[in-house]
Amino acid sequence: MPRLYATPGPTLRRQVVGDLVALAVVAGAVWLALRVHEAVWRLADPVRSIGSGADGIADQLAAGRDGVADVPLVGEPLSAPLDGASDGAAAIATASYEQVHAVERLALVLAVAVVAVPFLVALVARIGPRVRWWRRTSDVGRLSSAGPEGDRVLALRALTTAAPRDLLAVHPDPAAAWRDDDAPVVRDLASLHLRTLGVARR
């Protein structure tokens, strides 16, 4: 199973800092998404009030219609307008609630969009380098367990990629020591390359 992080060293520090920055970006996006959702949700407050008021009026008109419907002679003529008014108020309430649902859906879509874009960018930005590191270190890991032959290849990579000060800290003339197959120096150079990549020697 691939390692999630390098061994302690510069590579590990870069990985941890990169992951923390990605987490901070995602956390900021979540916070912003919540604020956007709340702001858009509040836009529907006046419409909610209209719907609630229209519902109340419709109920009152329906109660009034029921109250006069049984009055002899005038009950039916009086109840017809109340019935129409009640239906009109109910239609206003229904339209208001549909508008509220539309605003609520918009609030959700906007919140998801605000989170999704930074999340995907952070995910791609972190996965790409991590996959490349896994591939590179899997090859290096196999070389580290291949004995002296693997050490010579790793030492050669160190000679071509490591900083000059790190090479000189291993040996005053590391290239000559590698050419002469100086086993301790070759092993130290191989270990330098492993440390640089953040790979533990097997």
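Below are legends for a set of close-up views of one predicted protein model.

Residue numbers start at 1 along each chain as its sequence is written, and side-chain values use heavy atoms, with hydrogens and water left out. Because this is a predicted model, local features need pLDDT of at least 70 and side-chain atom pairs count only at pLDDT 80 or more, while totals for chains, interfaces and linings use all residues.

**View 1. The whole chain, an all-in-a-row α-α-α-α-α-α-α pattern.**
The protein chain has 7 helices and 0 strands; helices (H or I, at least four residues) and strands (E, at least two) are DSSP runs, numbered from the N terminus. Of its 202 residues, 28% are buried, where buried means under 20% relative accessible area, exposed means over 50%, and partly exposed is in between (1.4 Å probe, protein chains only). About 12,500 Å² of the chain is exposed, and carbon and sulfur atoms supply 68% of that. Those areas come from the Shrake-Rupley method with a 1.4 Å probe; for residues, only the protein chains shown count as cover. Among contacts with a separation of 6 or more, 68% pair residues 24 or more positions apart, with contact meaning heavy atoms within 4.5 Å.

**View 2. Helix α1 from end to end.**
The 34 residues of α1 should span 50 Å at 1.5 Å a residue, and the end C-alpha atoms are indeed 50 Å apart. That expected span is 1.5 Å times one less than the number of residues. The buried residues of α1 are T11, L12, Q15, G18, D19, A22, V26, A29, A33 and V40. Within α1, E38 and R35 sit 3 residues apart, about one turn of the helix, and their side chains meet in a salt bridge (3.7 Å, N to O). For the record, a salt bridge is a side-chain nitrogen of Lys or Arg within 4 Å of a carboxyl oxygen of Asp or Glu. Both partners count as partly exposed: E38 at 34% relative accessibility and R35 at 35%.

**View 3. A nonpolar patch on the surface.**
L4, Y5, V16, L20 and L23 make up this patch, which has about 470 Å² of accessible area together. Patches are made of residues with over 30% relative accessible area and no salt bridge; nonpolar side chains (Val, Leu, Ile, Met, Phe, Trp, Tyr) are joined within 5 Å, like charges within 9 Å. V16 belongs to helix α1, residues 10-43, and is partly exposed with a relative accessible area of 33%.

**View 4. D19 and R130, a buried pair.**
The whole structure holds 6 salt bridges, and one of them joins the side chains of D19 and R130 (3.0 Å, N to O). D19 lies in helix α1 and R130 in helix α3 (residues 75-144), so the pair ties together parts that are 111 residues apart in sequence. Add R126 and you have a network: D19, R126 and R130 are linked by salt bridges.

**View 5. The largest nonpolar core.**
Ten names to look for, 10 residues in all: A155, A158, A162, L167, A177, W178, V185, V186, L189 and L192. The elements giving two or more residues to this core are α4, α6 (174-179) and α7, and α7 has the largest share, 4 residues. Apart from it lies another core of 6 residues, among them V140, L154, A190 and L197. A nonpolar core here is a set of buried Ala, Val, Leu, Ile, Met, Phe, Trp, Tyr and Cys residues joined through side-chain atoms within 4.5 Å. Leaving aside neighbours within four places in sequence, A158 is in contact with L167, L189 and H193.

**View 6. Helix α7 and what comes after.**
Helix α7 (residues 183-197) has 15 residues and reaches 21 Å from its first C-alpha to its last, close to the 21 Å expected at 1.5 Å a residue. Its buried residues include V185, V186, L189, A190 and H193. Right after α7 comes G198, with a positive phi near 80°.

**View 7. Helix α4 and its partners.**
D151 lies in α4 (residues 148-161) and is buried, with a relative accessible area of 6%. Beyond its neighbours within four places in sequence, D151 is in contact with L143, V186, R187, A190 and R201. R152 forms a salt bridge with D181, the closest N and O atoms being 3.1 Å apart. D181 lies in the loop between α6 and α7 and R152 in helix α4, so the pair ties together parts that are 29 residues apart in sequence. D181 is partly exposed at 46% relative accessibility, and R152 is partly exposed at 25%.
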